[in-house]
Amino acid sequence: NPQTSLDDYTQSAIAEISKYYKNVKIIESSATILAKKPGSLIVYTGKDRNSVLVKNLEVWTIDRGKAYILAYKAAPDRYHKSLETAMTMINSFKVR
């Protein structure tokens with residue numbers, strides 16, 4: 001919906017995450033900047049459909065009615081191993 005606000009989208013995204021993953025624990029939820037636009041960032045753990053524990057970082061923004069979502073997903077014990085690389089990639093994202 002082109003009229004969806006970032007706050008509304010964030011609430012919907014968190015609700016969807018809670019439907020897809022079991023035992024979701026939100027570790028961080030904060031405002032951020034993505035592609036020079038206001039965005040949201042969330043870090044959480046949960047069990048996927050195969051009951052495998054995962055740790056995910058998702059960041060999104062809305063521009064001209066389109067949501068742009070970037071995600072970094074890893075096993076919790078490997079999450080920090082590539083986090084810096086993932087953040088470099090996320091921070092390089094541009095919307096044209």
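This report covers the salt bridges and aromatic pairs of one predicted model.

## Salt bridges

Three salt bridges turn up in a search of the whole structure. The table lists them with their closest N and O distances.

| Salt bridge | N to O distance |
|---|---|
| K19 and E16 | 3.4 Å |
| K37 and D63 | 3.8 Å |
| R64 and D63 | 2.8 Å |

Start with K19 and E16. Both residues belong to helix α1, which spans residues 6–20. They sit three residues apart, about one turn of the helix. Their side chains meet in a salt bridge. K19 is exposed, because its relative accessible area is 65% and the exposed class begins over 50%. E16 has a relative accessible area of 47%, so it counts as partly exposed.

Now turn to the strands. K37 forms a salt bridge with D63, with 3.8 Å between the closest N and O atoms. K37 lies in strand β2 (residues 37–47) and D63 in strand β3 (residues 53–63), so this salt bridge ties together parts that are 26 residues apart in sequence. How accessible are the two partners? K37 is partly exposed, at 24% relative accessibility. D63 is buried, because its relative accessibility is 11% and buried means under 20%.

D63 has another partner. The side chains of R64 and D63 meet in a salt bridge at 2.8 Å, N to O. R64 is exposed, with 64% relative accessibility. Through shared partners, the salt bridges join K37, D63 and R64 into one network. That network includes exposed R64, partly exposed K37 and buried D63.

R64 also has a sequence-distant residue to compare with. Q3 and R64 are 61 residues apart in sequence, yet their C-alpha atoms are 9.1 Å apart in space. Q3 is found in the segment before α1. At 68% relative accessibility, Q3 counts as exposed.

## Aromatic pairs

How many aromatic pairs does a search of the whole structure find? The number is five. A pair of aromatic rings is described by the distance of the centres and the angle of the planes.

One of the pairs is Y9 and W60. Their ring centres are 6.0 Å apart and their planes stand at 70°, so the pair is edge-to-face. This pair links distant parts of the chain. Y9 is in helix α1, W60 is in strand β3, and 51 residues separate them. Is Y9 buried or partly exposed? Y9 counts as partly exposed, at 22% relative accessibility. W60 is buried, with a relative accessible area of 1%.

Another pair is Y72 and Y79. Here the ring centres are 5.3 Å apart and the planes are at 45°, so the pair is tilted. Both Y72 and Y79 are buried.

There is also a cluster. Which residues form one aromatic cluster? They are Y20, Y21 and Y44.

## Where the contacts sit

Helix α1 holds both K19 and E16. The helix also holds Y9, whose partner W60 lies in strand β3. Strand β3 holds D63 too, while K37 lies in strand β2.

Notes. Residues numbered from 1 in each chain as written. Predicted model: local features only at pLDDT ≥ 70, side-chain atom pairs only at ≥ 80, totals over all residues. Heavy atoms only, no water. Salt bridge = Lys/Arg side-chain N within 4 Å of Asp/Glu carboxyl O. Helix = DSSP H or I, 4+ residues; strand = E, 2+ residues; numbered from the N terminus. Buried < 20%, exposed > 50% of the residue type's maximum accessible area, 1.4 Å probe, protein only. Phe/Tyr/Trp six-rings, centres within 6.5 Å; stacked < 30°, edge-to-face > 60°.
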